[in-house]
Amino acid sequence: MNASDTSPAIETRGLTRRFGQATAVDGIDLAIPRGRIYGFLGPNGSGKSTTLRMICGLLRPTSGSARVLGRDVARDAEAIRRRLGYMPQRFSLWDDLTVLENLRFMAQAQGLARPAAARRIDALLDDHALRARASQRAGTMSGGQRQRLALAAATLHEPELLLLDEPTSAVDPQSRRDFWERLFALAHGGTTVLVSTHYMDEAERCHGLAILAEGRLVAEGPPRRLIEQVDAVVFEVEGEASAAAQRPLAGLDWVLGVAQLGTRLHVLAARDAPEPLAGIRARLADAGLALEVVPTPATLEDVFVIATRTRVATTAGPHGR
Amino acid sequence: MAAERRTPSLRRIAAVATKEVRQLARDRLTGGMVLGLPVVQMLLFGYAINFDVRGLDTAVLDQASSSVSRQLLDELQATQVLQLVERVGSERELESRLREGRVAVGVVVPPDVERRLQESTRPVAQLLVDGSQPTLSSVVGTLGAMPLLLRHGARGERGERGREAARRLEVRTLYNPEKRTAVQIVPALIGVILSMTMVLFTAGAIVRERERGNLELLIATPLTPLELMVGKLLPFVVVGLVQASVILLVGHLLFRVPVAGRFVDLYLASLLFIAATLSLGLFVSTLAQTQFQAFQLAFLTMLPSILLSGFMFPFEGMPVVAQRLAEILPLTHFNVMIRGIVLRGATLGDVWPQVAKLAAFFAIMMIVAVARFRKRLD
């Protein structure tokens, strides 16, 4: 519509939040484009929720700034709030109200006019398969149903930006797939979606991804590019005894990380390591393990291991573990 | 955040109020308390708080044993304050009965009781009271001032003067001629019971949303603090008026408390008091982090209300500090209003200083509560 539409949906500069001595979010610089699904990937305590809360104005940054939909959050939080939808990590609608009552309340709280609200609720009940449960109390519904209700409530006012804090943590795999279908539909309709997760498969579906560790942004970009550009060579060790190989391989100083995936082991070797394949084989032979080793393409999990490891290395010194 | 000032939206206030009513209606225990609590408290207070002292167990040491002493004792008995249960033979015996707590009052009729009656400068008889019970001693104290000499003194000239003196001493009780405590207590109970229930209702209002995790979503909507506070307060105004009606009805049916003033004034006064108390609860709610804290704080506001408002102890007898503190409390002013309206038939205009004070209290509490409520988590 106007020039600001081409500006990033979210732009943070040096965004920092401290709670007492602890730094929850540490100098995050991000530019999140409009109309895409953007993911925050990170373990618990990596600062995902705190960053989301600062973006929707629920927490004030200790330093740094965030511009959301072209406006400064510190100054225009109220104006921004009307254009964004927020789904907190914990189910935050009212357990003792029914689906319909919850949606009606949220519609009124958002300031929707009565006929518009009625139409919108009607459509959402169908979109989110909630019509049969319209008069059921939210507290008696399953995790997946509650999540659909929460998403419906967050999108009542057709926000330009949708912030979802670990929306699938209490949901079965089928519901998770359906949920992501809905997110893609929303993004297709022009909504910017920012979603935090600690599931690799969900992170991989995002258009753009930020990996957070200990409050810092440690990697950023489209998942495919992050995988292609991972700063390691990946080898797969396969066999029943692969678990036993983990410790000896991790001891090699050019091995950046070892991750167990079922009966397979992903070994991440530094790019500048001389003859890593031979090195791994020699180590396995030393340990008396007869296992297959083959080079393999990196996965997002490998990217995650490398990104979070680098962070540890900078605090603990080179080659520190 | 100050960049945008919007006029409060009635629709949003109504949304919050509707939500509160639904939640209240579904919370069976709390819903039951709306009607149950005032009735139970009314019965407890109405029957238990009884400043009318009757039938105190009394032992008598009658050293005169004459017709005059018997007449005197009959008269004491006739007041119904004393109940003669035992006759003893010596002062030591009488004192030990009192010490053991077997009787509350001892009466000593001296051998020269007849001559004392004529003289009227010396006490006719002695009343020994268990002073460890304050209300008791004050009641029996008034008994000592009772115009006992009246009929006996009627014989002589001195007696005539004694009668005049006695008449002048006579205490006329206005507005509550029977001196029934219920008549004084019940109107005040409206305030006491309301200050117990109202503060509790709103004290949990914001904290409950916080504890159940709803607050994070609520503050991410365009709802303003004022809309939220007013929406949370409105349903309980109605609840408060219902409770006030229950108290009045029970008071009328069980304790025969008449209402001298107009009901419009009574309800307007109650409305003002309810709003003031609810706003105090909202303020408490912005201070507390958990519901448990909120309830503790609520109790902290109730105790001074009940103790200092003049409901239990006469306001005039309190130290200045306590009086100053009591001046802040809505219940103090409401008690003045409600006694005036119910017992003396006063109008709201007659008690306008109290009206102004309650209105000011409400306004200040609302402003503080709204200002304290931040649409942020930090």
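This report walks through a predicted model, from chain A as a whole down to a few of its elements, and then to chain B.

**Chain A at a glance**

Let us start with the overall picture. Chain A is built from eleven helices and 14 strands. Its C-alpha trace spans about 75 × 45 × 40 Å along the principal axes. Of the 321 residues in chain A, 46% count as buried. Among the contacts in chain A with a separation of 6 or more, 69% join residues that are 24 or more positions apart.

**Two domains in chain A**

The domain assignment splits chain A into domain 1 (3-226) and domain 2 (228-316). Taken over C-alpha atoms, the centres of domain 1 of chain A and domain 2 of chain A are 35 Å apart. Where the two meet, 14 residues of domain 1 of chain A and eleven residues of domain 2 of chain A take part in the contact. On the domain 1 side, the elements that give two or more residues are α7 (200-205), β9 (208-213), β10 (216-221) and α8 (223-228) of chain A. The most come from α8(A), with four residues. By residue class, this side of domain 1 of chain A has nine nonpolar, no polar and five charged residues.

**A helix with one buried face**

If you have the structure open, helix α2 (residues 73-81) of chain A is a good place to look next. Its buried residues are A:V73, A:A77, A:I80 and A:R81. Why do these buried residues line one face of α2(A)? Seen down the axis of α2(A), they fall within an arc of 95°, so they share one face of the helix. They pack against α1 (48-55), β4 (63-68), β5 (71-72) and β6 (84-87) of chain A.

**A covered strand and its two partners**

Strand β13 (residues 264-269) of chain A is mostly covered, with five of its six residues buried. It pairs with β11 (residues 233-238) of chain A and also with β12 (residues 255-261) of chain A. The table sets the two pairings side by side.

| Partner of β13(A) | Sense | Bridges | A bridge pair |
|---|---|---|---|
| β11(A) (residues 233-238) | antiparallel | six bridges | A:V233 with A:A269 |
| β12(A) (residues 255-261) | antiparallel | six bridges | A:G257 with A:L268 |

The strands β12(A) and β13(A) form a hairpin that has two residues between the strands. In this hairpin, A:G262 takes a positive phi near 65°.

**Where chain B touches chain A**

Now for the second chain. The contact between the chains involves 23 residues of chain B and 26 residues of chain A. On the chain B side, α1 (10-26) and α10 (215-218) of chain B are the elements that give two or more residues. The most come from α1(B), with seven residues. The residues on this side of chain B divide into nine nonpolar, five polar and nine charged.

**One residue in chain B**

Last, consider B:S66, which sits in the loop between β1 (56-62) and α3 (67-78) of chain B. How many C-beta neighbours does B:S66 have inside 10 Å? It has 14, and because a residue needs 20 or more to be buried and 12 or fewer to be exposed, B:S66 counts as partly exposed. Along the chain, B:S66 and B:Y47 are 19 residues apart, and their C-alpha atoms are separated by 40 Å.

Technical notes
Residues are numbered from 1 along each chain as its sequence is written. Chains are lettered from A and ligands numbered from 1 in the order in which they are written. This is a predicted model: local features need pLDDT of at least 70, side-chain atom pairs count only at pLDDT 80 or more; totals for chains, interfaces and linings use all residues. Domain bounds come from an automatic or database domain assignment. Two residues are in contact if their C-beta atoms, placed from the backbone, lie within 7 Å. Ala, Val, Leu, Ile, Met, Phe, Trp, Tyr, Cys and Pro count as nonpolar, Asp, Glu, Lys and Arg as charged, and the others, Gly among them, as polar. The arc is that of the directions from the helix axis to the C-beta atoms. Two strands pair if DSSP finds at least two bridges between them.
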